[in-house]
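Visitor: Please take me through one part of this structure up close. Start from a single residue and work outwards.

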Amino acid sequence: MRILLVEDDRRVAAALSSALTRRGYQVEHAATVAAALSAAPCDLVLLDLTLPDGDGTDLCRELRRRSSQLGIIAVTARGEERDRVLGLRLGADDYVVKPFSMVELQARIEAVLRRASHTVPERHLIEAGPVRIDVGGRTVSVAGRAVTLTRKEFDILLSLARQPGVAVPRDRILLDVWGTVWADRHTVEVHVGSLRGKLGDPTLVETVRGVGYRLRAA
């Protein structure tokens, strides 16, 4: 697996690169926004949000625009809730606040890569009310209007659409989408909020208080 490490602190980058290489990853380092945008294709980006030639949030938005399937983990000292929410809304799959342990980082990398490598062998359609999902093609439309979703948003919608009208627990969504029940549940809320906005009708995804979420069946 190829990882692009976007980090302007060269000492931190060297330590992370060494640790990741020992764990079997192929690592390319970029210290600037410009270098990251010109880097070779990769499977996952570890993205510092404070960079010398631009804001990492803008880079995150551009990387997500280029690919909905690319794994992106923000690795930053910005630990405020508003920063985490912004990073996730711009397309990051996960958010790790410095300082962190390599055990935690590797677990998060594995979870994101596991979801990124998951494929559905057959093409089939799921319809729930105005929502139409091409599972194999990973495309979504609402009342005939094409909707562009990030990988996580698509996977959340798919998790709900497999049982339209049925309340899906948050832990089930975490397991389906992140491959673990230990992720921050606030992450689910942020992605669901973004999903609702893109679907164009917030009532399509209903909150079931104390349980999780439900895709409106009709």
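**From one residue outwards**

Guide: Start at D134, which is found in strand β9, residues 131–134. Keep in mind that this is a predicted model. Is D134 buried or exposed? D134 is buried, because its relative accessible area is 14%, and the cut-off for buried is under 20%. What does its side chain reach? The side chain of D134 reaches the backbone nitrogen of G136, at 3.3 Å.

Now look across to the neighbouring strand. D134 has a bridge partner in β10, and that partner is T139. The strands β9 and β10 (residues 139–142) pair over 4 bridges, in the antiparallel sense. In general, strands of a sheet pair through backbone hydrogen bonds, either parallel or antiparallel.

Step back to the sheet. Four strands form an open sheet here, in the order β8-β9-β10-β11, and the pairing is antiparallel. Its edge strands are β8 (125–128) and β11 (145–147), each of which pairs on one side only. From one strand to the next, the twist averages 25°.

Next comes a helix. Helix α6, residues 151–161, lies across β8, β9 and β10. Relative to β9, α6 runs at about 110°.

Follow α6 to another helix, α7, residues 170–178. The axes of α6 and α7 come within 9 Å, and they cross at roughly 130°. Which word fits that angle? The two helices, α6 and α7, are oblique to each other, because roughly 130° falls outside the roughly perpendicular range of 65 to 115 and is not over 145, the cut-off for roughly antiparallel. The crossing of α6 and α7 is right-handed. On the α6 side, the contact is made by K152, D155, I156, S159 and L160. On the α7 side, I173, D176, V177 and W178 take part.

There is one more sheet to visit. This open sheet has 3 strands, ordered β12-β14-β13, with antiparallel pairing. At its edges stand β12 (168–169) and β13 (205–208). Each has a single partner strand, so one side of each is left without a neighbour in the sheet. Between β13 and β14 (residues 212–215), the antiparallel pairing runs over 4 bridges. One residue pair to find there is V208 with its bridge partner in β14, G212. Here α6 comes back: α6 packs on this sheet and touches β12, β13 and β14. The direction of α6 makes about 75° with that of β14.

So trace the route once more on the model. Go from D134 in β9 to α6, which lies across β9, and then on to the sheet with β14, where α6 also packs.

Key. Residues are numbered from 1 along each chain as its sequence is written. This is a predicted model: local features need pLDDT of at least 70, side-chain atom pairs count only at pLDDT 80 or more; totals for chains, interfaces and linings use all residues. Side-chain values use heavy atoms; hydrogens and water are left out. Buried means under 20% relative accessible area, exposed over 50%, partly exposed in between (1.4 Å probe, protein chains only). A polar contact is a pair of N or O atoms within 3.5 Å; within protein, one must be able to donate a hydrogen and the other to accept it, and residues adjacent in sequence count only if both atoms are side-chain atoms. Two strands pair if DSSP finds at least two bridges between them. Axes are lines fitted to C-alpha atoms, for helices over the stretch in contact, and angles run from 0 to 180 degrees between N-to-C directions. Contact means heavy atoms within 4.5 Å. Angles under 35 degrees count as roughly parallel, over 145 as roughly antiparallel, 65 to 115 as roughly perpendicular and the rest as oblique. A crossing is left-handed if the near helix is turned anticlockwise from the far one by less than a right angle, and right-handed if clockwise.
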